[in-house]
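Me: I am new to this structure and would like to know what stands behind the terms used for it. Please go through them with me.

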Number of protein chains: 4
Amino acid sequence: MSEILPPRIIAEEEERKTLRAISFGAEKWLYRPIKCLDNGFVYLADYAGSDESVTQAARVSYGKGTKKINEDRGLIRYLKRHQHTTPFEMVEFKFHCKMPIFVARQWIRHRTASVNEYSARYSEIKDEFYLPEPSALKKQDKMNKQGRNEELTDKQKHFILEVLKREYENQRKMYKAFNEIELARELARVGIAVSNYTEWYWKIDLHNLMHFLKLRLDKHAQYEIRVYAEAIARIVKNAVPLCYEAFEDYVLDSIYFSGPEVRFMQSHQIPVAEAVIRSLILVEFGNQRETEEFMEKLRKLKLVFTI
Amino acid sequence: MSEILPPRIIAEEEERKTLRAISFGAEKWLYRPIKCLDNGFVYLADYAGSDESVTQAARVSYGKGTKKINEDRGLIRYLKRHQHTTPFEMVEFKFHCKMPIFVARQWIRHRTASVNEYSARYSEIKDEFYLPEPSALKKQDKMNKQGRNEELTDKQKHFILEVLKREYENQRKMYKAFNEIELARELARVGIAVSNYTEWYWKIDLHNLMHFLKLRLDKHAQYEIRVYAEAIARIVKNAVPLCYEAFEDYVLDSIYFSGPEVRFMQSHQIPVAEAVIRSLILVEFGNQRETEEFMEKLRKLKLVFTI
Amino acid sequence: MSEILPPRIIAEEEERKTLRAISFGAEKWLYRPIKCLDNGFVYLADYAGSDESVTQAARVSYGKGTKKINEDRGLIRYLKRHQHTTPFEMVEFKFHCKMPIFVARQWIRHRTASVNEYSARYSEIKDEFYLPEPSALKKQDKMNKQGRNEELTDKQKHFILEVLKREYENQRKMYKAFNEIELARELARVGIAVSNYTEWYWKIDLHNLMHFLKLRLDKHAQYEIRVYAEAIARIVKNAVPLCYEAFEDYVLDSIYFSGPEVRFMQSHQIPVAEAVIRSLILVEFGNQRETEEFMEKLRKLKLVFTI
Amino acid sequence: MSEILPPRIIAEEEERKTLRAISFGAEKWLYRPIKCLDNGFVYLADYAGSDESVTQAARVSYGKGTKKINEDRGLIRYLKRHQHTTPFEMVEFKFHCKMPIFVARQWIRHRTASVNEYSARYSEIKDEFYLPEPSALKKQDKMNKQGRNEELTDKQKHFILEVLKREYENQRKMYKAFNEIELARELARVGIAVSNYTEWYWKIDLHNLMHFLKLRLDKHAQYEIRVYAEAIARIVKNAVPLCYEAFEDYVLDSIYFSGPEVRFMQSHQIPVAEAVIRSLILVEFGNQRETEEFMEKLRKLKLVFTI
């Protein structure tokens, strides 16, 4: 990645001045890639705005000018707590990302971003595939059908990685052979795996980015995209520290009680013994999974106790 | 595809009545798959609205009630010609589609649709890969770097197909072996090719669908997605015949002259001999590609002649 | 509103059959306006899909065919509880609405809908203004700067309504005078109030509609738009009863604890006396408003008691 | 507008440095309002990217690094000519705008922007109304029902302005009286005209901004919004000169021939005498308006002549 350089136009020290809002936290991440998985990366390629841009936008609503910085935190927290989302759209981030195709496929489902991706029709594909770390190889989760959890044996892991390496080697040879007879690139790639690396510029506003992070930092997100979400979260946390703190406090760390849960708590004594409450909930809810979700919240809030 | 049936709820003849606008052209395509490529299909799974819904929406703008049918055509053509796009958003289509992953990747770039896709995290992947027809195998286009054009020899085609078949067989074995040791499905699929088939429900309004068709019916679109666009166009043409006719007349069949081309024509005698005009254009435009594009338009309009 | 009729094309009994999914609850609301405020209305003008369309879309993700109806409820509740939002996009509603301009201005901020509005450039404005019911006239709320709460005297209410009536009469005369000298309509309306009625077709998918309802059914939404949200909610509740029930249980009736609140509960004994807890929270949170919000949740869940 | 200042955070000379792409043309417009109509303005409040950001994004598609500046122009023109729109989404602009409500209502129909608007529920409305220049007062256009064209007499203009002034004075008094009895602000404003000024932050990417400009610079757009579009175009032209030039050449200055027009030209001798061609077109097209539109294009390209 040695070719990643600041844009040409600002090469001269003299020319680096701007009148725009600056986030010093964002500046320090510009063009500094964070390695993700074996061959991927994410780096901040551009941004607009800062914590202050959010409060500035909120304040236009009530027709008042810029306030003191120490009031910004309270306002940002208020906005986030009450889901006043539009001021967070005033901050924008652009990332350059490189990731396996199957990660890109999950990522692109977030429709509110702008994307320019590497074209395997126009250019030869990259000779890079994702080979998981042995520690990332797990068995299918029996409960959560979209996940992995149990350990595989070292022998099984070795087998998987050897099969994948051989498979990738075959695909490289196939692609090379197809290129040699000048098969159209858009066809030469059809046999190539979804673990092949692609890259793109991805531009998104802070409100939509926080939604992306909420979903992709979640423990149910696939590990491989979570790695990218964590890298991006690290950058965003520095770029807009007040917004990120509010996001953690009011989104990431929050728990919510559904209507049925609220009604159950209103009509039963809480806190209560775990052994008692579970069967009660199960009877009322008639749903094992929802019962367990409810129990987990009660435990988290220390509203159940073991006798 | 024997499992494709009308929704349960309308099984009874008695219950099939609706007060909604009906498009008889759309009705006849409901649940009737059109085969696409070797293992794919598209069928219409739901819709809302008809040609009449477009004119009804346009007429709310000027506060008049429903007019006679024979005025609808003129109004729809007027709307399309003048790019009054919002009335076309009042019609909605939902398709069930099955296609190779690399086609799905181009398709999903149209962000203004709703999508629910098969999950390779949740379920085992389908044992189906795209194997091109021999006639679809072509060499890389030298001019258009995103295309194919020249013929390959039969021997080369045979070689390509044999390599792909063997490769797909390897991938099937790999996936089976990974499943046997219960590797999480979200990992078992990483070595599988982008030609593997996926499927989804895809719901989009007519305005955005026409934009999709404009781009994906284009001769520069990859052949494999064009096959799907053509199938969808066939359905849409029956479902909203007046809108589709206007789309053909004012979008698909139109040609446009750029500002520089307009200015050139204003200052030179047209029509003119091909031999003379090309060099003149090239000098003024200083761009070989743009010159050829201009020449093609002039030829199409019979505004150049050969001496 | 006598001109509201089913679309022409389905006038014949014979021709009312469709193979599409039908919602009987939606059918009964088609073309049946609900009166809103003094001169407005909302009616369902078209729709696509039903509860079943949501589960059908969800099931494509795990590659299984249609299940029994009695499993649909559980699946819809699961999707809603876990914020799997895309299947809800598969249902679409189109409403014809008439409302004051200031209501339309709040409404249009929901960007994910399709809109065709009456044009005051093209046609003469409607001679209808919103005159509030006396009971809707309230004083400015001192706490919530976006609201109203305290009662006005009958004399004050009378004064307000008389002033508004006279003002509207003036505006009618002005508009008439401007039209008589043939001032362009796009100018003749500039002095007309934001309480003047406009109308539009509004088409939106169920996911985005539930977001609209969440915000506009809220007690902090302006009363005048809440009236429309309530009318729409009534229709949606009949059209997709399982989805609406899940929306009520997991969105409308839910309460959530923020990260700071969760941490507070983890480190203090709950339930606890109201007198004790408020001052503790205030000290830790340092924010009067957030303290009151927290207290309200604890009270709602009966986790505080008065000594 | 003396309160418009650069954001607090960059007050110190030392702190104005950024590693981001800089557009010198944009920098000179930051916080420099352009007056629009009698009481409105537009100024650039933030931006991200430059011409170079567009080519950088395009180049990721074919996997090549940054090229020389003198190749950027050709690439940008190619992208625009072939409607490769996504690279233009990589540039972002944020404007602070103040305009009459009826202008805001047209503006907000562009859904792909982020907006934070002044709230008449939260704050007292501004005591400013739009009073047209006498030269802007025209009669209703008979042909184009959405426009104005013919002149009014001076006496008529004087009458209109006097009526509007008196009306605005009434509305001011009404609002004052309502505030004095503390009527909720969200109600106090219902009698206020759509010419009352509001303001907002408006953030949009370059692709969608060019679409806005195309529609709102058009001669059919209402004069009052065109004034704002022209101010924005002036800023954008300096901020991304290569993109704006391509936008002018390939969008603003282009003319297009529809399918029926193309087919007509292919089957008739062009150029041709005006007197002959009009009746021929009319017969074939059967539509007076479309005939005139076609004639205008032929005249513009000097493909008709008068005998």
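Reply: Two strands pair if DSSP finds at least two bridges between them, and the elements themselves are DSSP runs numbered from the N terminus, helices being H or I over at least four residues and strands E over at least two. This is a predicted model, in which local features need pLDDT of at least 70, side-chain atom pairs count only at pLDDT 80 or more, and totals for chains, interfaces and linings use all residues. Residues are numbered from 1 along each chain as its sequence is written, while chains are lettered from A and ligands numbered from 1 in the order in which they are written.

Me: How do you know that strand 2 and strand 3 of chain B pair?

Reply: Seven bridges join strand 2 (residues 40-48) to strand 3 (residues 92-100) of chain B, and the two run antiparallel; at least two bridges are required, so the pair qualifies. Tyr43(B) has His96(B) as its bridge partner in strand 3 of chain B.

Me: Why are strand 1 and strand 4 of chain B said to stand at the edges?

Reply: In chain B, five strands form an open antiparallel sheet in the order 1-2-3-7-4. Strand 1 (34-36) and strand 4 (114-117) of chain B each have a single partner strand, so one side of each is left without a neighbour in the sheet.

Me: What makes up the side of chain D that touches chain A?

Reply: Contact means that C-beta atoms, placed from the backbone, lie within 7 Å, and by that criterion 51 residues of chain D are in contact with 51 residues of chain A. Helix 2 of chain D gives the most to this side, with six residues.

Conventions. Contact = placed C-beta atoms within 7 Å.
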